[in-house]
Amino acid sequence: MRVVLLRRNSFPANAGTEKYLPEKSITTLETEQTQRKKLAKEVCTLSQKKPNLDSVIKDRVLLDHIIVDEEHRLLYCYVPKVACTNWKRLLMVLMGKANTTNPLAIVADDSHRLNVFRRLDNYTGEEIRYRLDHFMKFMFIRHPFERLVSAFRNKFGQNSSSADYFRSRYGRQIIKQYRTNASEESLSRGHDVTFREFVQYIIDPRTVARANFNEHWRPMVDLCLPCTIQYNVIGKYESLMDDAWLVLEKANLNQKVSFPRSDRPSSTNSLVEEYTKHLTREELLHLYHIYEMDFRLFDYHSPGFD
């Protein structure tokens, strides 16, 4: 699809989807945000892993997941498998980067192209500090294991060009390392990786340098640095529509756009137990430790190890 720039603010007031109104009051939503940010700050204070802003700016590749919307003064840290496609679509409409006013009409692949958005790592140190101080910052999170299962199903199980790439890039390597007596077909195609083999790859000390993790399974704290950056809104996948409404409300954008609703709610949550039941207790424990900060910072229940 050819991206066509729209004139600034040329989209109608009801762009995209029908208006959504949260069941909770804005006071309740704001209180939830206060509690989330308070917990995050407490966990960060106790953590040994708190990169300061100077070091982050020096190694600004750490800021490559933060999209900048200059006109609306927004910084969005996107986390793959946490509604980031629809957020990117919505930002494309807001920023005049699509030839439609309906976010769902934008092809998903178009929203992920590298040159669509400017990222915070493209700015100078002084410009980064200004935007962190004066723009509204938001991110969305999800239960770490639910996100992992979603990534596995999407990148290794689906019939798509993206999945073909992941099976070739990661699947063949995983099967070679973790499957005894693998067939020639599996070794050449990487098409039948199991979830347990995928987990063995993630927890392997040779892989565990998390900065090298693919973004789809890199911990959320490593993608968005919530111990360094004080987000105005930490939205949850479990309350996606309400929290998305709050972001747009705080940015005075609810009269311009609405966050697109999905026609089919995710069933990943009910599948997590089905996928993780094949893991040993030790594998589950190792996996938890990889994502421990995500669990603790964002108040997700850790799996029982008894």
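The following dialogue discusses how to read several features of a predicted model.

Trainee: Where should one begin, and how many helices and strands does the chain have?

Mentor: One begins with the overall fold of this predicted model. The chain contains 14 helices and five strands. Its radius of gyration is 20 Å, close to the 19 Å that the globule rule gives for 306 residues, so the chain is as compact as a globular protein of that length. The C-alpha trace spans about 60 × 45 × 40 Å along its principal axes.

Trainee: What share of the residues in the chain is buried, and what share of the contacts joins residues at least 24 apart?

Mentor: Buried residues account for 52% of the 306 residues. As for contacts between residues at least 6 apart in sequence, 71% of them join residues at least 24 apart.

Trainee: What does the chain expose, and what do carbon and sulfur atoms supply?

Mentor: The chain exposes about 15,600 Å², and carbon and sulfur atoms supply 47% of that area. Charge may be read alongside the surface. There are 46 positive and 39 negative side chains, and the centres of these two sets lie 4 Å apart.

Trainee: How many disulfides does the structure hold?

Mentor: A disulfide is recognised by the distance between two cysteine sulfur atoms, the cut-off here being 2.5 Å. The structure holds two disulfides. In one of them, Cys 44 is bonded to Cys 227, with the sulfur atoms 2.0 Å apart. Cys 44 belongs to helix H1 and Cys 227 to the loop between H10 and E5, so this pair ties together parts that are 183 residues apart in sequence. About the S-S bond the value is -85 degrees, and the link is left-handed.

Trainee: Are Cys 44 and Cys 227 buried or exposed?

Mentor: Relative accessibility under 20% is the criterion for a buried residue. Cys 44 has 5% relative accessibility and therefore counts as buried. Cys 227, at 17%, also counts as buried.

Trainee: Which cysteine is joined to Cys 77 by a disulfide?

Mentor: Cys 77 is joined to Cys 224, with an S to S distance of 2.0 Å. Cys 77 lies in strand E2 (residues 74-77) and Cys 224 in helix H10, so the bond ties together parts that are 147 residues apart in sequence. The torsion about the S-S bond of Cys 77 and Cys 224 is about -95 degrees, so this disulfide is left-handed. Both Cys 77 and Cys 224 are buried. When the bonded cysteines of the chain are numbered in sequence order, the pairing reads 1-4, 2-3.

Trainee: Why is Cys 84 too far from the closest cysteine sulfur for a bond?

Mentor: The closest cysteine sulfur is in Cys 77, and it is 10 Å from the sulfur of Cys 84, which is too far for a bond. Cys 84 counts as buried because its relative accessibility is 6%.

Trainee: How should one read the burial of a helix, and how many of the residues of helix H11 are buried?

Mentor: The general geometry is helpful. An α-helix has 3.6 residues a turn, so residues three or four places apart point the same way. In helix H11 (residues 240-250), nine of the 11 residues are buried, so H11 is largely enclosed by the rest of the structure. Among the buried residues are Leu 240, Met 241, Trp 245 and Leu 248.

Trainee: Against which elements do the buried residues of H11 pack?

Mentor: They pack against helix H1 (26-46), helix H3 (84-94), strand E4 (136-141) and strand E5 (233-236). H11 is followed by Asn 252, whose phi is positive, near 60 degrees.

Trainee: Where is Asn 254 found, and which residues is Asn 254 in contact with, leaving aside its neighbours within four places in sequence?

Mentor: Asn 254 is found in the loop between H11 and helix H12 (268-276). With a relative accessible area of 9%, Asn 254 is buried. Apart from neighbours within four places in sequence, Asn 254 is in contact with Lys 19, Trp 245, Leu 248 and Glu 249.

Trainee: Is Asn 212 buried or exposed?

Mentor: The cut-off for an exposed residue is over 50% relative accessible area. Asn 212 has 62% relative accessibility and so counts as exposed. Asn 212 lies in the loop between helix H9 (195-203) and helix H10 (220-224). Another loop residue is Ser 47, found between H1 and helix H2 (53-58). At 10% relative accessibility, Ser 47 counts as buried.

How values were computed. Residues are numbered from 1 along each chain as its sequence is written. This is a predicted model: local features need pLDDT of at least 70, side-chain atom pairs count only at pLDDT 80 or more; totals for chains, interfaces and linings use all residues. Side-chain values use heavy atoms; hydrogens and water are left out. Buried means under 20% relative accessible area, exposed over 50%, partly exposed in between (1.4 Å probe, protein chains only). Helices (H or I, at least four residues) and strands (E, at least two) are DSSP runs, numbered from the N terminus. Contact means heavy atoms within 4.5 Å. The radius of gyration is taken over C-alpha atoms; the globule rule is 2.2 Å times the number of residues to the power 0.38. Accessible areas come from the Shrake-Rupley method with a 1.4 Å probe; for residues, only the protein chains shown count as cover. Lys and Arg count as positive and Asp and Glu as negative; His and the chain ends are not counted. The place of a charge is taken as NZ of Lys, CZ of Arg, CG of Asp or CD of Glu.
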